[in-house]
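Here is a friendly walk through one protein chain, helix by helix. Have a look at the picture first, then read on.

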Amino acid sequence: TVSLTQDEAYFLQSLREPVGEFVRSDAVENFILALIVINAIIMGLNTFDFVYENPVVNQVFETTDLVLLIIFTIESSMHLFHLGLYFVKDGWVLFDFILIILSWSFSNGSIKSLRAFRILRVLPRVQVLKEVIDSIGTVLPKMGTVALLLG
């Protein structure tokens with residue numbers, strides 16, 4: 001096990017809020033949103049013959065995809081550092097984290113179509129969509145209860 005001194009633990013704790021403020025800032029959120037859109041465009045273009053039949057172009061696309069995945073991983077790691085174990089209570093951060101793990105798991109090309117789910121990371125970044133999805137998430141359990149009572 002890793003053992004931290006009290007000073008080291010205090011130092012790490014003191015970094016949580018600044019890291020959280022940074023990663024949740026509008027500038028970082030907009031930057032990540034732009035990268036997600038770019039990533040989606042690249043994944044769409046990657047289905048065309050001129051990309052996967054040309055080794056040079058294909059390598060450029062693969063390298064770009066890897067760089068974007070690394071950036072998304074850093075962003076997710078910052079969220080995890082900021083929230084600690086409470087990240088599981090933030091559904092959107094947990095969703096991002098799962099997508100990143102799945103992206104790394106299937107980055108060898110075995111199931112590349114699964115990586116298309118990264119575009120879903122846009123949902124929590126668009127406030128109107130977030131409100132709609134949060135509302136649906138609130139209503140569905142209640143509808144399930146009503147269905148059980150009627151059934």
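## A polar handshake

Let's start with a pair of side chains: Asn39 and Asp65 are joined by a polar contact of 3.0 Å. Keep in mind as you read that this is a predicted model.

Where does Asn39 sit? Its place is in helix α2. Is Asn39 buried or exposed? Its relative accessibility is 2%, and buried means under 20%, so Asn39 counts as buried. Its partner Asp65 belongs to α4 and is buried there too.

## Helix α1 and its kink

Now go to helix α1, which runs over residues 6–23 and has 18 residues. From its first C-alpha to its last it reaches 26 Å, close to the 26 Å expected at 1.5 Å a residue. Still, look for a kink of about 25° at Arg16, shortly before the proline Pro18.

Pro18 itself lies in α1, and it counts as partly exposed because its relative accessibility is 43%, in between the 20% and 50% cut-offs. Pick out Leu45 as well: 27 residues along the chain separate it from Pro18, and their C-alpha atoms are 38 Å apart. Ala9 is another α1 residue, and with 36% relative accessibility it counts as partly exposed. The C-alpha atoms of Ala9 and Leu33 are separated by 33 Å, with their places 24 residues apart along the chain.

Which residues of α1 are buried? They are Val19, Gly20 and Val23. The buried residues of this helix pack against α2 (26–45) and α4 (55–83).

## The nonpolar core

Val23 turns up again in the largest nonpolar core, which has twelve residues. Its other members are Val28, Ile32, Leu35, Ile36, Ile42, Val51, Phe61, Leu68, Phe72, Ile100 and Val122. Helices α2 and α4 each supply at least two residues of this core, and α2 gives the most, with five residues.

Zoom in on Ile42, one of the core residues. Leaving aside its neighbours within four places in sequence, Ile42 is in contact with Phe61, Thr64 and Leu68. Phe61 and Leu68 are core members as well.

Ala34 also has its place in helix α2, but it is partly exposed, with a relative accessible area of 38%. Follow the chain 88 residues on from Ala34 and you get to Val122; the C-alpha atoms of these two are separated by 9.3 Å.

## Helix α4, end to end

How does the span of α4 fit what you'd expect? The helix has 29 residues, which should span 42 Å at 1.5 Å a residue; its end C-alpha atoms are 42 Å apart, so the two agree.

The buried residues of α4 are Phe61, Asp65, Leu68, Leu69, Phe72, Glu75, Ser76, His79, His82 and Leu83. Try reading those numbers with a helix in mind: an α-helix has 3.6 residues a turn, so residues three or four places apart point the same way. What covers the buried residues of α4 includes α1, α2, α3 (49–52) and α5 (91–105).

Both ends of this helix are worth a look. Asn54 caps the N-terminal end of α4, with a side-chain oxygen 3.0 Å from the backbone nitrogen of Val56. Just after α4, Gly84 takes a positive phi of about 65°.

## Rings that meet

Finally, the aromatic rings. How many aromatic pairs does a search of the whole structure find? It finds two. Phe87 and Phe97 form an aromatic pair that is edge-to-face: the rings are 5.3 Å centre to centre, with 65° between the planes. This pair links distant parts of the chain, ten residues apart: Phe87 is in the loop between α4 and α5, and Phe97 is in helix α5.

Are these two rings' residues buried or exposed? Phe87 counts as buried because its relative accessibility is 13%. Phe97 has 25% relative accessibility, so it counts as partly exposed.

Conventions:
Residues are numbered from 1 along each chain as its sequence is written. This is a predicted model: local features need pLDDT of at least 70, side-chain atom pairs count only at pLDDT 80 or more; totals for chains, interfaces and linings use all residues. Side-chain values use heavy atoms; hydrogens and water are left out. Helices (H or I, at least four residues) and strands (E, at least two) are DSSP runs, numbered from the N terminus. The expected span of a helix is 1.5 Å times one less than its number of residues. The bend at a residue is the angle between axes fitted to the seven residues ending there and the seven starting there. Buried means under 20% relative accessible area, exposed over 50%, partly exposed in between (1.4 Å probe, protein chains only). Contact means heavy atoms within 4.5 Å. A nonpolar core is a set of buried Ala, Val, Leu, Ile, Met, Phe, Trp, Tyr and Cys residues joined through side-chain atoms within 4.5 Å. A polar contact is a pair of N or O atoms within 3.5 Å; within protein, one must be able to donate a hydrogen and the other to accept it, and residues adjacent in sequence count only if both atoms are side-chain atoms. Rings of Phe, Tyr and Trp (its six-membered ring) pair if their centres lie within 6.5 Å; planes under 30 degrees apart count as stacked, over 60 as edge-to-face and the rest as tilted.
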